[in-house]
Amino acid sequence: MQLNQLPEWQALGEHRDEIGERHLRELFAADPERFERLTLRHEGLLLDFSKNRIEARTLELLRNLARACDLETWIERMFAGEPINTTEGRAVLHTALRHRGDTPVMVDGVDVMPAVREVLDKMRAFVAAVHSGEWRGHGGQPITDVVNIGIGGSDLGPVMVSEALKAYRHREIRVHFVSNVDGAHIDETLAGLDPATTLFIVASKTFTTQETMTNAHSARHWLLAALGDESAVARHFVALSTNQGAVESFGIDPANMFEFWDWVGGRYSLWSAIGLSIALALGMDEFERLLEGAAAMDAHFRETPFESNLPVTLALLGIWYHNFLGAETQAIVPYAQNLHRLPAYLQQADMESNGKTATRDGGFVAWDTGPVIWGEPGTNGQHAFFQLLHQGTRLIPVDFIVAARTPYSGEHHELLLANCLAQSAALMRGKTTDEARAEMQAQGLAADEIERLAPHKTYRGNQPSNTLLFEVLDARALGGLIALYEHKIFCQGIVWQVCSFDQWGVELGKQLAGRLLPQIRGAAPDASLDASSAGLLAQLKTWRK
């Protein structure tokens, strides 16, 4: 049955009309235990979702919808290795990459865990060799700098984690990331590096990704221009790929090719060999702690009833706002500078997964699917877009993410914590016009000035938010956080009846770029080009002469 025809969907629409614009102030005043009832905990994480426009009945109806969409069965199907990536006929088993214990994980009748452990062992040996100085460059010098060359999931996850856990980084190795095919990215990264002490990781499953391989060949040329010996490539490049022939043709020793599998989607791949740059940046022990945190969240997600399940709760709240209250976007605001790449990481994880119009059975949706994900770290965001959150006309749910303890300066962190708690409270409470007037009267402003300014100092409030409060944001906690969002996105895709694990929408632009590239390089214009593309191409050619 179509989602919007389900009785459970219709019941939610009726409930929305019943509760209307009931203000969060009123909801808190009516229920002194609202915080205790609307918080969930997992290990060192507290999820406070009390500042949402919901009642107990709202949650009951949302869970009914999840059950009507057979979410429990889909969760089991994913963990069991069934091919739930329906358009590509593949299993979806990033969870196997962080699976702990001896229980087998089967794909097509084969236990994949021995192969997963073999790659982890190979990564550990390689990281140890680089960190100890046993692995040396072509000239016999130890490695000081590592450059990860990838794009999409081969870049966003590793760079986000490496930045997030900077406080735990290995002090002898500097890790850099290149993704954009814009020559500025590779050129500026290589500037100041020493070819004799630089190691490159080329991350491409097929070893044909256009942006990645263009940057890899530029890095290869840079290295050989300095070292002058083709055999140097084998000591300065390793590959994260499944295409052994292409890896060997590039000059990389196949012994230094780290494998992963087609049941690992790009945006879920940081847990695989794609995480080699993370392990080099932090050490293999920290990488394993990251896996352990994600595995613990996997167990929570798989085993916990919906009423206490963190990913399910976040997913259903998002559906409530997106499909019933008209919110088109979701802001991610980590109050942690080292999480500055988390919003971008979640953009891909969410928007590439659920930005779909086709249903799993080949129809077309008649309801909204994936929201726009955006954000910046606090407190920077407060001085940029929070004005719109507080006094704009749009409903924008916010996820606040903050840790109670940090390895950095205590005074700074106290100010950060105060701002985080204050912003979520201000968005919830707002300030009435009468409160604004009373505040200005206490300041001694004249009556006419008070009336002139009162509308500008009024905040309607009633802006929903979740707060994810960690005891400390270390590798284990970060692993759990990432897995939490992965599972949230999965649950929403199941309810929206889309396949969250393909990305066919990316292909059309690639195809057109392939047609346009020869023309930019001088080939005759393609008569089938639209007028805009043809005009832009002509101007480009004129200015590039």
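Select Leu 40 and Leu 47 to start: Leu 47, in strand E2, is the bridge partner of Leu 40. The model is predicted. Extend the selection to residues 39-42, which form strand E1, and residues 45-48, which form strand E2; the two run antiparallel and are joined by four bridges. Two residues lie between the strands of this hairpin, and Glu 43 takes a positive phi near 50° there.

Next, select residues 475-496, helix H21. H21 has 22 residues and spans 32 Å from first C-alpha to last, close to the 32 Å expected at 1.5 Å a residue. Is H21 enclosed or open to the outside? Helix H21 is largely enclosed by the rest of the structure, because 21 of its 22 residues are buried. Step past the end of the helix to Gln 497, just after H21, where phi is positive at about 65°.

Now show the largest nonpolar core, which holds 120 residues. The members that touch the most others are Met 123, Val 161, Trp 263, Leu 276, Leu 478 and Phe 490. The helix just visited, H21, gives the most to this core, with 13 residues.

Centre the view on Trp 263. Leaving aside residues up to four places away in sequence, Trp 263 touches Ala 91, Val 92, Leu 93, His 94, Ala 96 and Leu 97, along with Val 107, Val 112 and Val 116.

For the last stop, select Val 147, Leu 190, Val 202 and Ala 219, which are among the 22 residues of a second, separate core.

Technical notes:
Residues are numbered from 1 along each chain as its sequence is written. This is a predicted model: local features need pLDDT of at least 70, side-chain atom pairs count only at pLDDT 80 or more; totals for chains, interfaces and linings use all residues. Side-chain values use heavy atoms; hydrogens and water are left out. The expected span of a helix is 1.5 Å times one less than its number of residues. Buried means under 20% relative accessible area, exposed over 50%, partly exposed in between (1.4 Å probe, protein chains only). A nonpolar core is a set of buried Ala, Val, Leu, Ile, Met, Phe, Trp, Tyr and Cys residues joined through side-chain atoms within 4.5 Å. Contact means heavy atoms within 4.5 Å. Two strands pair if DSSP finds at least two bridges between them.
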